[in-house]
Amino acid sequence: MSQCIVVTSGKGGVGKTTTSANLAVALARMGQKVVCVDADIGLRNLDVVLGLENRIVYDLVNVIEGECRLKQALIKDKRLPNLSLLPAAQTRDKNAVTPDDMKRLVEDMKRDFDWVIIDCPAGIEQGFKNSIAGADRAIVVTTPEVSAIRDADRIVGLIEAHELPEPELILNRYRPGMVHRGDMMSKDDILEILAIPLIGLIPDHEDIITSTNRGMPVAFDDESAVGAAYRRIARRLMGEQIAVPDFTDNASFWNVFKRWMGIKGAQEVIG
Amino acid sequence: MNDLIRRLLGRPAGKSGNDAKQRLKVLLVHDEIDLPPAKMEMMKAEILQVVARYVTIDEDAVTFRLHKDDNRGVALVSNLPVRRVAARA
Ligand SMILES: Nc1ncnc2c1ncn2[C@@H]1O[C@H](COP(=O)(O)OP(=O)(O)O)[C@@H](O)[C@H]1O
Ligand SMILES: [Mg+2]
C-alpha cells in the first residue's frame with residue numbers, strides 16, 4: 001500500500017526540506033518508488049537540496065491548473081531512477097492550490113509511487129493545510145530549542161485535529177556535546193514535553209552543509225554517519241524495529257578522542 | 001579534527017563552497033527572469049530551428065547563455081556561427 005507522508009514543523013528553518021530530501025533518497029535507495037513534492041509555493045527549495053534545479057520545466061501549480069500532465073512535471077533523478085521530484089511554482093500565488101486539489105494530486109501519485117513525501121512550508125496557513133490534506137502520516141521536525149518545540153507542539157495538535165494518526169518526531173541539529181554539558185535540552189526532555197514517538201535523531205553536522213552545497217543529499221553518502229542516520233529512519237518508516245541510539249556518549253571525551261585517532265570500533269553512531 | 005577523520009576515510013575535503021556559489025549564480029539569474037534552465041533549453045532548440053530555416057548554423061559552436069549585467073539586468077547572449085555556403089561553380 002502506498003503512503004503519503006507530510007514533513008512539517010510549524011517553525012521555518014528547522015530542517016523540513018533537508019529531511020524530506022534525505023528520506024526520499026534513503027527510501028529510493030532501498031528500491032522503493034518515491035516522489036518528493038515541494039509544497040512551498042513561491043519559495044522553491046527542495047529542487048536545490050536535491051540538485052535537480054536545472055531540470056525544471058513545469059511545476060505543481062501547472063499540474064493543478066491543467067497546463068501540463070503530471071508525468072510532464074515530474075523530474076526523474078538520473079542518479080536514482082526510483083526517485084522523482086514535483087517542484088513548487090516559484091512565481092505563483094500560493095492560494096492557487098486548495099486542499100482538495102492536493103488530495104486529488106496525491107491520490108494520482110499514489111497510483112505510481114510507493115511513497116509520496118510532502119515538504120511542507122513553514123506556518124499553519126494555506127500551505128500547511130494543503131500539505132496535510134492528502135497525507136496518511138505526519139513527521140514533525142524540531143530542533144532542541146524552545147521556540148521550535150513550542151511550534152512543534154502546536155503542529156502536533158493541529159495534525160491530530162485533522163484526524164491523522166499520531167505524528168512521529170525527528171529531532172534535528174542535536175549537539176550531544178552541549179547536552180552532555182547541560183547546555184541543551186536532551187532527547188528525553190523533549191520527548192517528555194512533546195509526548196510523541198521519536199523516529200530519528202539527527203546531529204548538527206557539517207556533512208549536511210557540504211552535501212547541500214553540492215546538491216547531493218547526505219543519504220547518498222555511505223561513509224557519512226548522518227547519512228546512515230537518515231537511512232535508519234527510512235527503515236523505521238518501512239516498519240523495521242530499530243532502536244534510536246542515545247548517542248550522548250559519542251561526545252564523551254574518550255569517544256571523540258578515539259575517533260580522532262581513527263581507532264576502529266569508535267565510529268560515530270547517531271540517530 | 002573532522003578534516004583528519006575525512007582524510008582517514010579518504011574523502012575529499014573542501015571545495016563544496018565553490019560548487020554552492022556556482023549553482024547559486026545560475027539559479028538567481030534564472031529566477032530573475034522566471035525562466036528555468038530546462039525551459040531555456042527548449043527556447044534554444046526553437047530558436048535554432050527558426051534560424052536553420054534561413055541559414056546553416058554550426059550547431060556544435062553555438063553558445064547560448066544568460067549574462068547578468070551589474071546595472072542593466074539580464075541579457076540573453078548568443079552566438080550562432082553561420083556556415084559559409086560553398087562557392088558556386
Ligand atoms: N542537522 C543539520 N546540521 C547542520 N545544518 C542543518 C541540519 N539540518 C538543517 N540544516 C541547515 O539548516 C537550514 C534550514 O534547513 P531546511 O531543511 O531548509 O529547513 P526548513 O525546510 O524547515 O526551512 C539549511 O541551511 C540546512 O542546511
Ligand atoms: Mg523548507
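What volume does the second largest pocket have? I began my notes with this question, and the value I found for the second largest pocket is about 540 Å³. I should add at once that I am looking at a predicted model.

**Entry 1: the second largest pocket**

I next looked up what surrounds this pocket, and I found 28 residues in its lining, of which A:Gly13, A:Gly15, A:Lys16, A:Thr17 and A:Thr18 are the closest to its centre. When I asked which elements give two or more residues to this lining, I arrived at α1, α2 (46-49), β7 (168-174) and α10 of chain A. The most comes from α10(A), which supplies four residues to the lining of the second largest pocket. I also sorted the lining residues of this pocket by character, and they divide into 12 nonpolar, nine polar and seven charged.

**Entry 2: the cavity**

I then turned from the pocket to enclosed space. Rolling a probe the size of a water molecule over the atoms shows where empty space is left. My count came to one cavity of 30 Å³ or more, and the largest cavity holds about 40 Å³ of space.

Which residues line the largest cavity? I wrote down A:Thr18, A:Asn22, A:Val49, A:Ile208, A:Ser211, A:Thr212, A:Met216, A:Pro217 and A:Val218. Two helices of chain A, α1 (16-29) and α10 (206-214), each supply at least two residues of this lining, and α10(A) gives the most, with three residues. By character, the lining of the largest cavity divides into five nonpolar and four polar residues, with no charged ones.

I noted that A:Thr18 appears among the residues that line the largest cavity and also among the residues closest to the centre of the second largest pocket.

**Entry 3: two helices in contact**

My last search concerned a pair of helices. Two packed helices are described by the angle between their axes and the distance between the axes. For helix α5 (residues 99-112) of chain A and helix α6 (residues 126-133) of chain A, I found that the axes come within 7 Å and cross at roughly 30°. Angles under 35 degrees count as roughly parallel, and α5(A) and α6(A) are therefore roughly parallel to each other. The crossing of α5(A) and α6(A) is right-handed.

Which residues make this contact? From α5(A) I listed A:Pro99, A:Met102 and A:Lys103, and from α6(A) I listed A:Gln126, A:Lys129, A:Asn130 and A:Ala133. The residues of the contact of α5(A) with α6(A) fall into three nonpolar, two polar and two charged.

Technical notes
Residues are numbered from 1 along each chain as its sequence is written. Chains are lettered from A and ligands numbered from 1 in the order in which they are written. This is a predicted model: local features need pLDDT of at least 70, side-chain atom pairs count only at pLDDT 80 or more; totals for chains, interfaces and linings use all residues. Side-chain values use heavy atoms; hydrogens and water are left out. Axes are lines fitted to C-alpha atoms, for helices over the stretch in contact, and angles run from 0 to 180 degrees between N-to-C directions. Angles under 35 degrees count as roughly parallel, over 145 as roughly antiparallel, 65 to 115 as roughly perpendicular and the rest as oblique. A crossing is left-handed if the near helix is turned anticlockwise from the far one by less than a right angle, and right-handed if clockwise. Contact means heavy atoms within 4.5 Å. Ala, Val, Leu, Ile, Met, Phe, Trp, Tyr, Cys and Pro count as nonpolar, Asp, Glu, Lys and Arg as charged, and the others, Gly among them, as polar. On a 1 Å grid over the protein atoms alone, a cavity is a set of points where a 1.4 Å probe fits but cannot get out, and a pocket is an open set with protein on both sides within 12 Å along at least five of seven lines; lining residues have an atom within 4 Å of a point. Grid points are joined across faces, edges and corners, and a volume is the space filled by probe spheres set on the points.
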